[in-house]
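Colleague: Got a minute to go through this one with me? I'd like to start with one residue and then move on to the sheet and the charged pairs.

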Amino acid sequence: MKININVDEQLSDIEVNINCGELTEDVERIIAAIRMISKQLVVKNTQLGEDVILDAKDIAYAEAIDRKCFVYTENNVFETSYKLYELEAFFSGMKFCRISKSCLVNLKFISSIKTEMNHRLRLTLKNKEAIIVSRQYAEDIKEQLGVKKNGK
């Protein structure tokens, strides 16, 4: 592999060009790594059978179901090849929190919070969808949302 770096003060944004003889698995991994830096995910729209590039800020939550992982935007559902723990690492530093063993939520998409039985929480998202926070993660979510201050 040969790497060329061209510094041009006239450029206002970073431009990455990949020249290759064929699109191999290594090239695809390089592209995925670059997309992770810019917080973009390539996901599959299973209804249309096409890949879609999503900005992480547009993702409301991610959920693992039957060994598959899905990301949800305000209006759509997409399948991703990433595991939930990989998405959790990808979203680190952003306003994403784990709310159960199988779900991560973008705190910026939450419109209301309600306490449920057994110390669980019900989060209502901006698109009116409700998701449940398990007891194990409820206190952390309250703290992240400013509902409960440290230790109170």
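Modeller: Sure, here is a walk through a few spots, bearing in mind that this is a predicted model.

Colleague: Where does Asn45 sit?

Modeller: Asn45 is in strand 1, which covers residues 40-45.

Colleague: And is Asn45 buried or exposed?

Modeller: Buried: its relative accessible area is 12%, and the cut-off for buried is under 20%.

Colleague: What is Asn45 in contact with, leaving aside neighbours within four places in sequence?

Modeller: Glu50, Val52 and Phe78. There's also a polar atom of the Asn45 side chain 3.1 Å from the backbone nitrogen of Gln47.

Colleague: Next to Asn45 in the numbering there's a lysine. Which residue does Lys44 meet in a salt bridge?

Modeller: Asp51, with N to O at 3.2 Å. Lys44 counts as partly exposed because its relative accessibility is 35%, while Asp51 is at 52% and so counts as exposed.

Colleague: OK, switching to the sheet. In what order do strands 8, 9 and 10 come?

Modeller: The order is 8-9-10, in an open sheet with antiparallel pairing. Strand 8 (110-115) and strand 10 (130-133) are the edges; each has a single partner strand, so one side of each has no neighbour in the sheet. On average, neighbouring strands here are turned by 25° against each other, ignoring direction.

Colleague: What packs on that sheet?

Modeller: Helix 3, residues 135-145, which touches strand 8, strand 9 and strand 10. The helix direction makes about 50° with that of strand 9.

Colleague: How many bridges join strand 8 to strand 9?

Modeller: 5, with strand 9 being residues 121-125. One of the pairs is Ile110 with Leu125 in strand 9.

Colleague: Back to charges. How many salt bridges does the count come to?

Modeller: 8. Among them, Glu88 pairs with Arg98, with the closest N and O atoms 2.9 Å apart. That pair links distant parts of the chain, from helix 2 (residues 84-90) to strand 6 (residues 96-100), with the two residues 10 apart.

Colleague: Which side of that pair is buried, then?

Modeller: Arg98, at 15% relative accessible area. Glu88 is partly exposed at 34%.

Colleague: And what does Glu116 pair with?

Modeller: Arg122, at 3.1 Å between the closest N and O atoms. Glu116 is partly exposed at 22%, and Arg122 is partly exposed at 32%.

Colleague: Last one: which residues are linked in a network of salt bridges?

Modeller: Glu25, Asp26 and Arg29.

Note on methods:
Residues numbered from 1 in each chain as written. Predicted model: local features only at pLDDT ≥ 70, side-chain atom pairs only at ≥ 80, totals over all residues. Heavy atoms only, no water. Helix = DSSP H or I, 4+ residues; strand = E, 2+ residues; numbered from the N terminus. Buried < 20%, exposed > 50% of the residue type's maximum accessible area, 1.4 Å probe, protein only. Polar contact = N/O pair within 3.5 Å; in protein donor to acceptor, adjacent residues only side chain to side chain. Contact = heavy atoms within 4.5 Å. Pairing = 2+ DSSP bridges. Axes fitted to C-alpha atoms, helices over the stretch in contact; angles between N-to-C directions. Salt bridge = Lys/Arg side-chain N within 4 Å of Asp/Glu carboxyl O.
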